[in-house]
Amino acid sequence: MKRFYVIGFLVLMAFDTLAQLSFKQAGNSALPLEFSVVWLVRVFGQPWIYGAFIGYIGAFFTWMSLLKHAPIGPAFAASHLEIISVLAVSYWLFKEPIGWPQIIGCLFIVAGIMCLAVSESDELEEKAR
């Protein structure tokens, strides 16, 4: 079952990362921002917008599958791992700066997930007794 969680959350993180990065690229490609039909044609003429749709749809179905089996507390926290992956891939692809606030935020995310996972496993052990 642990392998299911690991693979599931990696797939969720990949879909979420695809959605966020595609959305950014679609937005950048559709500049300048204006409220017009021409702008909508520009947006939907970009392949990136469809990557965003695929990412959001894939993330939704992956999340629903995970929720059938995973405890909600750790699952909800782990679903935020995409913040770290988006930050890392944005640094690599878009040369986005990463400073100490981002690094500390990532550490807090990981620490929160670990705390919830430990508390959930302790709770499961108590119920088994």
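# Reasons behind the labels

The largest nonpolar core has 11 residues in all: F9, L12, A59, W63, L66, A70, A75, A77, A78, I109 and I113. Helices α1 (2-29), α3 (47-67), α4 (72-78) and α6 give two or more residues each to this core. The model is predicted.

User: What makes this set of 11 residues a nonpolar core?

Analyst: A nonpolar core is a set of buried residues of certain types, Ala, Leu, Ile, Phe and Trp among them, joined through side-chain atoms within 4.5 Å. The set with F9, W63 and I113 is listed as the largest such core. In soluble globular proteins, nonpolar side chains tend to be buried together.

User: Which residues does L66 touch, leaving out those up to four places away in sequence?

Analyst: L66 touches F4, G8, F9 and L12. Of these, G8 is in helix α1.

User: Why is G8 called buried or exposed?

Analyst: Buried means under 20% relative accessible area. G8 has 10%, so G8 is buried. Beyond its neighbours up to four places away in sequence, G8 touches T62 and L66. The C-alpha atoms of G8 and A70 are 9.9 Å apart, although 62 residues separate the two along the chain.

User: How do you know that the buried residues of α5 line one face of the helix?

Analyst: The buried residues of α5 are E82, S85, V86 and S90. Viewed down the axis of α5, these residues fall within an arc of 130 degrees, so they line one face. An α-helix has 3.6 residues a turn, so residues three or four places apart point the same way.

User: Which helix do the buried residues of α5 pack against?

Analyst: They pack against α1.

User: What is notable about the phi of K95?

Analyst: K95 has a positive phi, near 60 degrees, and is a residue other than glycine. Most residues other than glycine have a negative phi. K95 follows α5 and lies in the loop between α5 and α6.

User: Is K95 buried or exposed, and why?

Analyst: Exposed means over 50% relative accessible area. K95 has 65%, so K95 is exposed.

User: Why is the contact between E96 and K24 called a salt bridge?

Analyst: A salt bridge needs a side-chain nitrogen of Lys or Arg within 4 Å of a carboxyl oxygen of Asp or Glu. The side chains of E96 and K24 meet at 3.0 Å, N to O, so the pair fits the definition. The pair links distant parts of the chain, 72 residues apart: E96 is in the loop between α5 and α6, and K24 is in helix α1. Side chains of opposite charge can pair when their charged atoms come close.

User: Why are E96 and K24 called partly exposed?

Analyst: Partly exposed lies between the 20% limit for buried and the 50% limit for exposed. E96 has a relative accessibility of 29%, so E96 counts as partly exposed. K24 has a relative accessible area of 29%, so K24 is partly exposed.

User: How many salt bridges does the structure hold?

Analyst: The structure holds 2 salt bridges. One of them joins the side chains of E34 and R42, at 4.0 Å, N to O. E34 has 32% relative accessibility and so counts as partly exposed. R42 has 23% and so counts as partly exposed.

User: What makes the bond from L31 to P32 cis?

Analyst: Omega of this peptide bond is near 5 degrees, and the bond is cis. Most peptide bonds are trans. P32 lies in the loop between α1 and α2 (37-44). At 51% relative accessibility P32 counts as exposed, because the cut-off is over 50%. Leaving aside neighbours within four places in sequence, P32 is in contact with W39 and R42.

User: What makes up the nonpolar patch on the surface?

Analyst: The patch is formed by Y91, W92, L93, I98, W100, I103, I104, L107 and F108, with about 1000 Å² of accessible area together. Helices α5 (82-94) and α6 (100-128) each supply at least two of its residues. The most come from α6, which gives 5.

User: How does L107 meet the accessibility limit for a patch?

Analyst: A patch residue must have over 30% relative accessible area. L107 has 57%, so L107 passes this limit and also counts as exposed. L107 is found in helix α6.

Technical notes. Residues are numbered from 1 along each chain as its sequence is written. This is a predicted model: local features need pLDDT of at least 70, side-chain atom pairs count only at pLDDT 80 or more; totals for chains, interfaces and linings use all residues. Side-chain values use heavy atoms; hydrogens and water are left out. Patches are made of residues with over 30% relative accessible area and no salt bridge: like charges are joined within 9 Å, nonpolar side chains (Val, Leu, Ile, Met, Phe, Trp, Tyr) within 5 Å. Accessible areas come from the Shrake-Rupley method with a 1.4 Å probe; for residues, only the protein chains shown count as cover. Helices (H or I, at least four residues) and strands (E, at least two) are DSSP runs, numbered from the N terminus. Buried means under 20% relative accessible area, exposed over 50%, partly exposed in between (1.4 Å probe, protein chains only). Contact means heavy atoms within 4.5 Å. The arc is that of the directions from the helix axis to the C-beta atoms.
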